[in-house]
Amino acid sequence: MTLRPAGADRGIVFRRVDVAPPVDIAARAANVGETMFCTTLMNGAARVSTVEHLLSAFAGLGVDNAYVDLTGPEVPIMDGSAAPFVLLLQSAGIAELCAPKRFVRILKPLEVREDDKWARLSPHDGLRIEFEIQFDHPLFKRRLQHAAMDFSTLAFLEHICRARTFGFLHDLQKLRAHNLALGGTLQSAVLLDDVGVINEEGLRYEDEFVKHKILDAIGDLYLLGHCMVGEFSGYKSGHGLNNRLLRMLLADREAWEPVVFASAEEAPISFLPAHLAAA
């Protein structure tokens, strides 16, 4: 995978460079083709899976425009979090472009449901993410399963970006049957057996499981093409419900509006200046 700069208002574009000719896939909700275990973008026969962690890193650092060149159908899993991508972006540096930063503001509540799961968008002067999970596993009964955050670059870097994906031993074979997590190891995820965490180092946060769901949601929400001004709440929601919610939003022009702010100080969401975000 190679990350390259893109011009103003280009957005995040994934490019499969291993096919002839190369195929571009814009990081937009309408291009989501599959949501089993991860978010997969598609353009014809070309696909890119597991985009949510990288998109979360872009969102966290306020990167609006970039090309992501890939020589395969899945973004590298790295350690299962957004932290390695944050490090790559910080190391490369972030350029400020001569164009205003664009946002999508939520104007009215919207909700999607599936059985007892739900995902909801509401107006809010900022970006707030709230999530609750429920798993029938002994470890989860002893851990916090609810978390909320008022989004800013600092909050993302300090409390969210290092939260790793997690899974159960009995699900690993299902993932690999779908050509996912082929490089999955204890270095790329938190793995649980019937009793607890298998990883020797344990968890990075007391509530790492639910914080990773927030990390995923931030990445999925970035498929709006711009950072959102509003509140997202989820209960047992996953990539599929998240995408359904975005499609419902985009289809209802009374539910959202594009917005720009005259200066970074006027924006209701705090992003570190590029020179500090790259420090």
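**Exercise 1. How helix 1 meets helix 5**

Work out how helix 1 and helix 5 are oriented to each other in this predicted model: roughly parallel or roughly perpendicular?

*Solution.* Start with the geometry: helix 1 (residues 52–61) and helix 5 (residues 208–221) pack at an angle of about 80°, and their axes are 7 Å apart. Next, recall that angles of 65 to 115 degrees count as roughly perpendicular. Helix 1 and helix 5 are therefore roughly perpendicular to each other.

Now look at who makes the contact. Helix 1 brings Glu 52, His 53, Leu 55, Ser 56 and Ala 59, while helix 5 brings His 212, Leu 215, Asp 216, Ile 218, Gly 219 and Asp 220. Sorted by character, the residues of this contact between helix 1 and helix 5 are four nonpolar, four polar and three charged.

**Exercise 2. How helix 1 meets helix 3**

Find the angle at which the axes of helix 1 and helix 3 cross, and name the residues that meet.

*Solution.* The two axes, those of helix 1 and helix 3, cross at roughly 140° and come within 8 Å. Because of that angle, helix 1 is oblique to helix 3. On the helix 1 side you will find Ser 56, Ala 57, Gly 60 and Leu 61; they meet Thr 153, Phe 156 and Leu 157 in helix 3. The residues of this contact of helix 1 with helix 3 divide into four nonpolar, three polar and no charged.

**Exercise 3. The buried side of helix 3**

Which residues of helix 3 are buried, and what covers them?

*Solution.* Go along helix 3 (residues 153–160) and pick out Thr 153, Ala 155, Phe 156 and Ile 160, which are buried. They cover an arc of only 165° around the axis, so they sit on the same side of helix 3. A general rule helps here: an α-helix has 3.6 residues a turn, so residues three or four places apart point the same way. Finally, ask what lies over the buried residues of helix 3: the cover includes helix 1, helix 2, strand 12 (146–150) and helix 5.

**Exercise 4. The surroundings of Ser 81**

Locate Ser 81, decide whether Ser 81 is buried or exposed, and list the contacts of Ser 81.

*Solution.* First, the place: Ser 81 is in the loop between strand 7 (66–70) and helix 2 (83–92). Second, the accessibility: Ser 81 has 0% relative accessibility and so counts as buried. Third, the polar partners: the side chains of Ser 81 and Asp 79 are joined by a polar contact of 2.8 Å. A polar atom of the Ser 81 side chain also lies 3.3 Å from the backbone oxygen of Cys 161. Last, leaving aside residues up to four places away in sequence, Ser 81 touches His 53, Cys 161, Arg 162, Ala 163, Arg 164 and Arg 204.

**Exercise 5. Special backbone spots in loops**

Describe the backbone at Pro 21, Thr 50 and Lys 236, and say where each residue lies.

*Solution.* Take Pro 21 to begin with: a cis peptide bond joins Ala 20 and Pro 21, with omega about -10°. Pro 21 lies in the loop between strand 2 (12–16) and strand 3 (23–26).

Move on to Thr 50, which has a positive phi of about 60° although it is not a glycine. Thr 50 is found in the loop between strand 6 (46–48) and helix 1, and its relative accessible area of 8% makes Thr 50 buried.

End with Lys 236, not a glycine either, with a positive phi of about 60°. Lys 236 is in the loop between strand 15 (227–235) and helix 6 (239–251). With a relative accessible area of 25%, Lys 236 is partly exposed.

Methods: Residues are numbered from 1 along each chain as its sequence is written. This is a predicted model: local features need pLDDT of at least 70, side-chain atom pairs count only at pLDDT 80 or more; totals for chains, interfaces and linings use all residues. Side-chain values use heavy atoms; hydrogens and water are left out. Axes are lines fitted to C-alpha atoms, for helices over the stretch in contact, and angles run from 0 to 180 degrees between N-to-C directions. Helices (H or I, at least four residues) and strands (E, at least two) are DSSP runs, numbered from the N terminus. Angles under 35 degrees count as roughly parallel, over 145 as roughly antiparallel, 65 to 115 as roughly perpendicular and the rest as oblique. Contact means heavy atoms within 4.5 Å. Ala, Val, Leu, Ile, Met, Phe, Trp, Tyr, Cys and Pro count as nonpolar, Asp, Glu, Lys and Arg as charged, and the others, Gly among them, as polar. Buried means under 20% relative accessible area, exposed over 50%, partly exposed in between (1.4 Å probe, protein chains only). A polar contact is a pair of N or O atoms within 3.5 Å; within protein, one must be able to donate a hydrogen and the other to accept it, and residues adjacent in sequence count only if both atoms are side-chain atoms. The arc is that of the directions from the helix axis to the C-beta atoms.
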